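Biologist: I am new to this structure and should be grateful for a close look at a single part of it. Please choose one pair of neighbouring elements and explain how they fit into their surroundings.

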Amino acid sequence: MKQLSITRRLAGTVAAVAIGTLGLAGCSGDSNDSVSSASSAASGAVESGVSKAESAVSSAKSEVADGDKKVELTAKDGAKVTLIGSIAAKYDSATEAQKADLGAPLTGSNTSGEGANGVVFQQFDGGVITAKNYDAGTPAYITWGKIRDAWNVPRDDSGTPTPSGKGGSQGPLGVATSDETDKAGVKESTFEHGTITWTEATDKVEVTVNGTVVPTE
């Protein structure tokens with residue numbers, strides 16, 4: 001229905017432009033060349049309008065397709081897992097290496113869904129994909145390994161580890177804002193309120209919350 005409405009509105013605009021242009025040609029007292037020029041302009045306007053209408057319909061189709069984005073996966077136990085929206089879009093755009101590192105999706109309680117802060121997630125054997133919501137246009141990110149482990153440590157508001165604190169996107173670091181990057185052997189992931197790095201050579205993890213380095217665990 002959205003696509004049809006867009007097409008009708010654009011088609012109406014095109015028709016109005018064409019009629020207006022032809023009307024000017026009919027009122028003109030100039031030579032036939034002027035009429036021909038006006039007719040050509042009208043034809044061009046129609047063609048341009050049709051092109052815009054087709055583009056709008058194509059865009060509408062794309063929006064619908066993105067909104068309904070789904071990816072079907074199979075868990076280790078054979079269960080079918082359906083990724084949707086932003087999570088599906090991220091998995092679909094991931095490299096083969098990223099997909100291999102993520103592994104199979106996990107099933108069961110607390111392995112997927114929406115957190116109390118609205119952040120959506122899907123846990124995998126080797127990592128997690130998170131996003132602020134399910135909208136297919138919302139950026140989603142992959143977090144894994146030692147960085148993921150440190151992110152999940154329960155912390156108080158200052159970032160200090162404590163059993164009564166919160167971890168992951170619910171904790172003081174907040175939701176992920178990047179995939180893991182590698183700078184000369186130092187892996188880094190950024191979050192709303194800090195960063196976590198892991199140095200491959202030393203196996204050292206460093207957690208920074210609001211500009212302050214805090215204990216890892």
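Modeller: A suitable place to begin is threonine 130, whose bridge partner in strand S6 is tyrosine 141. The model in which this pairing appears is a predicted one. The bridge belongs to a wider arrangement, for strand S5 (residues 127-131) and strand S6 pair in the antiparallel sense over five bridges.

Consider S6 itself. The strand covers residues 140-144, and because four of its five residues are buried, S6 is largely enclosed by the rest of the structure. Buried here means under 20% relative accessible area. For the protein chain of 217 residues, the share that counts as buried is 35%.

The surroundings of S5 can be followed through isoleucine 129. Beyond its neighbours within four places in sequence, this residue is in contact with Ala140, Tyr141 and Ile142, and its other contacts include Ile87, Lys90, Tyr91, Leu102, Val120, Phe121, Gln122 and Phe124.

Isoleucine 129 also has a place in the largest nonpolar core, which has 17 residues. Together with Leu83, Tyr91, Leu102 and Phe124, Ile129 is one of the residues that touch the most other members of that core. Both strands of the pair, S5 and S6, supply at least two residues of this core each, as do strand S1 (70-74), strand S2 (80-84) and helix H3 (85-93). Apart from this core lies another, of 14 residues, among them Ile147, Ala150, Trp151 and Ala176.

Strand S5 has a further role in the layout, at the largest pocket. The volume of that pocket is about 230 Å³. Its lining receives at least two residues from each of S5, strand S4 (120-123) and helix H5 (145-151). The lining has 14 residues, and those nearest the centre of the pocket are Phe121, Gln123, Asn152, Gly168 and Ser169. Phe121 is thus a pocket-lining residue and also a contact of isoleucine 129.

The wider setting may now be added. The protein chain has five helices and eleven strands. Among its contacts between residues at least 6 apart in sequence, 41% join residues at least 24 apart. The accessible surface of the chain comes to about 12000 Å², with 52% of this belonging to carbon and sulfur atoms.

In summary, S5 and S6 form an antiparallel pair, both contribute to the largest nonpolar core, and S5 also contributes to the lining of the largest pocket.

Technical notes:
Residues numbered from 1 in each chain as written. Predicted model: local features only at pLDDT ≥ 70, side-chain atom pairs only at ≥ 80, totals over all residues. Heavy atoms only, no water. Buried < 20%, exposed > 50% of the residue type's maximum accessible area, 1.4 Å probe, protein only. Contact = heavy atoms within 4.5 Å. Areas by Shrake-Rupley, 256 points an atom, 1.4 Å probe, with all protein chains shown as cover. Pairing = 2+ DSSP bridges. Core = buried A, V, L, I, M, F, W, Y, C linked by side-chain atoms within 4.5 Å. 1 Å grid on protein atoms, 1.4 Å probe; cavity = no way out; pocket = protein on both sides within 12 Å on 5 of 7 lines; lining within 4 Å. Points joined across faces, edges and corners; volume = space filled by probe spheres on them.
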